[in-house]
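Trainee: I have a chain to go through before the group meeting. Can we take it one question at a time?

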Amino acid sequence: MEESKFNFTEDESVNQDKAVAQSKEAVKKDAQGLFQSIKQFLSELLAFKEDTDRDATIEAIKGDIPFKGATAWILICSIFVASIGLNANSTAVVIGAMLISPLMGPILGVGMSIAINDIDSLKKSLVNLAVMIILSLLTAYLFFKFFPLGSQETSELLGRTKPDLRDVFIAFFGGLALIIARTKKGTIASVIFGVAIATALMPPLCTAGYGLAQGNMDYFGGAMYLFGINTIFIALATFLVLKVLRFPMLKYANSKRRRNISRLALLIAIIVMVWPVYTFIKVFKESQVENEYEMFVLDEIESNESLWLQRKKLDSENNKITLYFNGEINQATETDLRNELNKFEHIKDFNLVINGNKNVSAERLMDLYDKALITIEEKDSLIKAMQQEIQLLNNPKNRGMLTVNDFTNLAKDAKIKFSDLEHFGFAKMLRSNDFKKVDTVVVANVKWKPSLTDSIINSKEKELLNWVKNEMKLKTLEIKRD
């Protein structure tokens, strides 16, 4: 019986299994090596503990906590500059005020003190922070109270009265960048300046002073809420980074006092952690409601040409949306709007109040009248252009249109009279300067010999323009040079 050429022996099968196993093991080792290389690269890229100067960091933060003398005057000047910038709606001036303001010191001191159990520095930080806030509010209040133009509401002022989720992230990540830069050997000054601009501690205090000066407690409360968010999340970022870097805890000789201080620091740390979480959740929910409200208005109302929205109001505290329309809103439209509102998860339970008006407002009527006039003007212009086309087709010699023989004779005469011409064309063209009205323009295209200077060409073109207008009995003519 002939042996099959596919009949492998047992030894060959075992060898194949070993080879496959060895291949799998080699691939596994290569994968582990690649993973270790990536891990090592990322570790070296993101590690910042080795660059930390703990003693210098603590000393620098403690040095910035005191708030008196020159520091107080610098704060007063920066508050005045920021208030003027807010009043003049100048972003550049506000940014300049942020760069010269010494507001970060006590805030970093609060976060550091809790992280290292330094109760004395914590007291100093809180006292100086309170003095800083009072002094800033007083300065801004005096400016907006007595400055002749201090009562003007600008976008820079109004932008600091209602914080949202973005302000939370800006404060937290700005605080992280600030404390990481502070802990690095050879502090990165540009980062500190950048954080001073990004976290914007100065404008909310100025806006709060404006609210006090105008007696507007909503502005005051919103601005102080924004300042509170910035302060808390910067202190929280400082606390977390110093804990991650394992800054040494302050030790006390008295064991009882050490335990009491440790418990107090732990309690404050819990408050520092819990309050930002609560604030974040609250602002996050408010942002979701605001986003869905704006989306509802944009998609369901403003995109509908039959609905004329006059004004709108969102009352998150009472779960209420109020809409005011020009014109009467029928029952079918009102039912449709309520059904569309149910599609939005966070505002579906809001009470939708719809107020229609049987009499269309004068402002809306004028708007519709202006649009109608524009439409009529565009149609009249189009009709006029079409009538001109018909006239030109009926009479080729009208308004500059020529037969082939007429153009041939005109071109020959032009070449005789202007021997430097290399090319001559003649045509009628439709043109619109405002993309609404259409005009008919007669154009002569010419090309002169390259040897001619610009001054000579200009002179000859003027002469050619007058000659063609006279020959063709034209009122207007344009010459274009090829």
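Mentor: Start with a term: two strands pair if DSSP finds at least two bridges between them. Keep in mind that this is a predicted model.

Trainee: In what order do the 3 strands of the open sheet stand?

Mentor: The sheet is open, and its pairing is mixed. Its 3 strands follow the order β1-β2-β3.

Trainee: Why is one side of β1 and of β3 left without a neighbour in the sheet?

Mentor: β1 covers 308-315 and β3 covers 351-355. Each has one side without a neighbour because both stand at the edges, each with a single partner strand.

Trainee: By how many degrees are neighbouring strands of this sheet turned against each other on average?

Mentor: Direction is ignored for this value. The average turn between neighbouring strands is 15 degrees.

Trainee: Which residue in β2 does W308 stand opposite?

Mentor: β2 spans residues 320-326 and runs antiparallel to β1, with 7 bridges joining the two. Across from W308, in β2, is N326.

Trainee: What angle does the direction of helix α13 make with that of β3?

Mentor: Helix α13, residues 331-341, packs on the sheet and touches both β2 and β3. Its direction and that of β3 make an angle of about 150 degrees.

Trainee: What percentage of the residues of the chain count as buried?

Mentor: Buried here means under 20% relative accessible area. The chain has 482 residues, with 16 helices and 6 strands. The share that counts as buried is 35%.

Terms used:
Residues numbered from 1 in each chain as written. Predicted model: local features only at pLDDT ≥ 70, side-chain atom pairs only at ≥ 80, totals over all residues. Heavy atoms only, no water. Helix = DSSP H or I, 4+ residues; strand = E, 2+ residues; numbered from the N terminus. Buried < 20%, exposed > 50% of the residue type's maximum accessible area, 1.4 Å probe, protein only. Axes fitted to C-alpha atoms, helices over the stretch in contact; angles between N-to-C directions. Contact = heavy atoms within 4.5 Å.
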